[in-house]
Each structure stands twice: as structure tokens, then as C-alpha cells.
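Biologist: Before I trust any label, I want to hear the rule behind it. Please take me through this model one term at a time.

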Amino acid sequence: MPSYDIGTIRERLAEWVEASRPYAASGRVASYIPELSKSPHNALGVSLLHASGESATAGDCGKKFTMQSISKVFTLILALMDNGEEEVFRKVGMEPTGDNFNSMLKLELVRPGIPFNPMINAGAITISSLIRGSSPEEVYGRILDFLRVLAGNRQLSCDEAVYRSESETGNLNRSIAYFLKQNGVLSGNVEAVLDVYFRHCSIQADCADLARMGLVLACGGLDPLTGNRLIPRRYVQIAKTFMTTCGMYNASGEFAIQVGLPAKSGVSGGILALVPGQYGIGVFGPALNDKGNSQAGVHLLEVISRELDWSMF
Ligand SMILES: NC(=O)CC[C@H](N)C(=O)O
């Protein structure tokens, strides 16, 4: 994979952001979590962080947003670190669904009724139940601490308004969770598991935080800026594979063709992507396409990948 001078990237990045920003016009900010509908429709920002510590940023990269489904990558990793892969894959599968992120369809249709993968809501709710802790507060605290270490940012915290908004309106996620409980996939108290899930989806970050977390994944779990091993290499390999096959929901195939990098999106409009061995990337653009991915953000990643010849394939 070619390696580009950060200076060249810095020179061009603002231009690529402005070329992509108009795509937000045809997208829609998520409103099924009422608090998210307050997000700035036309915002678009990006932050790239190289393993050397050099960075390039452009657009609205300082705006904060909730991680939403991006947190699913890291709860998966924590569940793997707590239980090992054999235990985790007894409860969630390894295959893309081709359905929406919050669909229950295949849970009923396909036996044995375990979620297809940990990147969809059913899978991530199950994963929340596998993270160790004696109370929901302790489980959530461990997730938050893990993300703070990965982002190198002790300030990361939950956006209480988004958390409350989702918790009050999350009927579909409740249906999924109770269905999983009925089928013996979810163990423990359903509301406690949902509370952990809603809270970790509501952790606030900015593009630089996502880029730093992405860089650790890009470097196989070793934080190149501190030299600390934060995640076993095997679990990063699993997480990056899921990002590639399921990270952009039922648009993961198209994203692999057009961008060709492991990535994970969230309904707040964030996308975490990475260039193996080189860069962590954080993108924010709240207007979404019909698959629930940032409309302008996906376009921006297409431009960056094409211009810098970054596709892995
Ligand atoms: N796609 C997403 O980011 C979904 C996460 C969101 N918290 C939900 O459960 O609906």
C-alpha cells in the first residue's frame, strides 16, 4: 500500500471535505433517537492520525458526537478479552445479514436464532451481556475506561441527553433484547443489559478521538504513540474483519468496493476507518443515507481512498 507524505494530505484535505459537503443535502439526520435530530445537518469533518503521531484535519473536526454503533467494535473486543473467542462465538455469528442494523428478521427465520454478527444491534446487545462486571455501572465503567485509554483522552464521557432520549424511545431494541432473552441467547437482567448498551452508544467523541482509536486497530492493538499493547493482535484481527464485512451494515459490500478500508459507522454520522499499519481516521457528517451511514462522510472516504490509492484490495 503506498505511503503518502502527510504534508501532501494536509494540503488537499480541506478541498476534499468541501467537495464532499454538498452530498449532505440529500441525506437525513437520524430522528428515531429524538435528541440526535438536533445535529448540524451540513457538518463534515475529518481527522487523520499517522503512526508517527503526525495528523491532518479539516472541516468540522472539533465537533462532538455520540459514538453510537462505532462503540460496537470496542465492546466486541472487550467481550473477547473477557471471554475468549470460543465463548463469544457461541452467542453471536460471523456473517453479514444484508438487512438493516436494527432488523429482527433473521433472528426468527434462521436457526439457532443467535445474532448474525456483533456489528448489528442484536449482536451488540448480546455482546453487552458478555462484558464482565457485577453491576451495569461497573460494566459501563469498564467500557468507558477502555475507550478513554484507546483514545488517549480521559475526558470521554456519556452524553446524558442522548442516553435518556434513546433509553426512553428504544422500543425496537427492547423487543430485540427480550426476544434474545426468550431464546436463551441473552442471560441476566434484560433492562440492565440494555442500559449498558444505550450508555455505550451515547459516549461522546470527536474526529481526533476516533482517529486515535482507529490507529491502535491499524497497528494491530499496539498504541504506536505510547508503545503500549492495548489489545491482543488476534482480537484486533477479528474486529477489523467484522468492520470490513459488516461495519457499514448492508452497504458494506459497496463500501469495500468504493473505499476498501475497514470501517465502522454510527447513526450520529460518525465513521471510524483505518489504513492498516499507517493511519487511524475519524469522520463526522450527521446527514445519513438510506442505509444509516453518513452521506457526505462516505463520499469523503471514497475521495480520500481514491486520491491516495488506499484501498486494501
Ligand atoms: N446504527 C447505529 O448507530 C445504531 C445505534 C443506536 N444506538 C441504536 O441502537 O439504534
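Modeller: A residue is buried if 20 or more other C-beta atoms lie within 10 Å of its own, exposed if 12 or fewer, and partly exposed in between, with C-beta atoms placed from the backbone. Helices (H or I, at least four residues) and strands (E, at least two) are DSSP runs, numbered from the N terminus. This is a predicted model: local features need pLDDT of at least 70, side-chain atom pairs count only at pLDDT 80 or more, and totals for chains, interfaces and linings use all residues. Residues are numbered from 1 along each chain as its sequence is written.

Biologist: What makes both faces of β7 covered?

Modeller: Gly270, Leu272 and Leu274 lie on one side, Ile271, Ala273 and Val275 on the other, and all are buried. That is six of the six residues of β7.

Biologist: Why is Leu222 called partly exposed?

Modeller: Leu222 has 18 C-beta neighbours inside 10 Å, so it counts as partly exposed. Leu222 sits in the loop between α10 and α11 (233-246). Its C-alpha is 8.1 Å from that of Arg233, 11 residues away in sequence.

Biologist: How do you know which strands pair in the sheet of five strands?

Modeller: Two strands pair if DSSP finds at least two bridges between them. β6 and β7 have three bridges, antiparallel. β7 and β8 have six, also antiparallel. Strands β2 (residues 45-50) and β8 (residues 279-284) are joined antiparallel by six bridges. The open sheet has the order β3-β2-β8-β7-β6.

Biologist: What makes β3 (55-59) and β6 (263-265) edge strands?

Modeller: Each has a single partner strand, so one side of each is left without a neighbour in the sheet.

Biologist: Which residues stand opposite each other in these pairs?

Modeller: Phe284 in β8 is the bridge partner of Gly45. Phe284 also stands opposite Gly270. Ser265 has Ile271 in β7 as its bridge partner.

Biologist: What lies between β6 and β7, and between β7 and β8?

Modeller: β6 and β7 form a hairpin with four residues between them, and Gly269 in that turn has a positive phi of about 105 degrees. The hairpin of β7 and β8 has three residues between the strands, with Gly277 in the turn at a positive phi of about 75 degrees.

Biologist: How do you know that the length of helix α9 (residues 190-201) agrees with expectation?

Modeller: The expected span of a helix is 1.5 Å times one less than its number of residues. For the 12 residues of α9 that gives 16 Å; the end C-alpha atoms are 17 Å apart, which agrees. Buried residues of α9 include Val193, Leu194 and Phe198.

Biologist: Why is the largest nonpolar core said to lie between the domains?

Modeller: A nonpolar core is a set of buried Ala, Val, Leu, Ile, Met, Phe, Trp, Tyr and Cys residues joined through C-beta atoms within 7 Å. Domain bounds come from an automatic or database domain assignment. The largest core has 105 residues; among those that touch the most other members are Val46, Ile125 and Ala263. Domain 1 (6-68 + 205-308) and domain 2 (69-201) both give residues to this core, so it lies between them.

Biologist: How many residues of each domain are in contact with the other?

Modeller: Two residues are in contact if their C-beta atoms, placed from the backbone, lie within 7 Å. By that rule 34 residues of domain 1 are in contact with 32 residues of domain 2. On the domain 1 side, α11 gives the largest share, seven residues.
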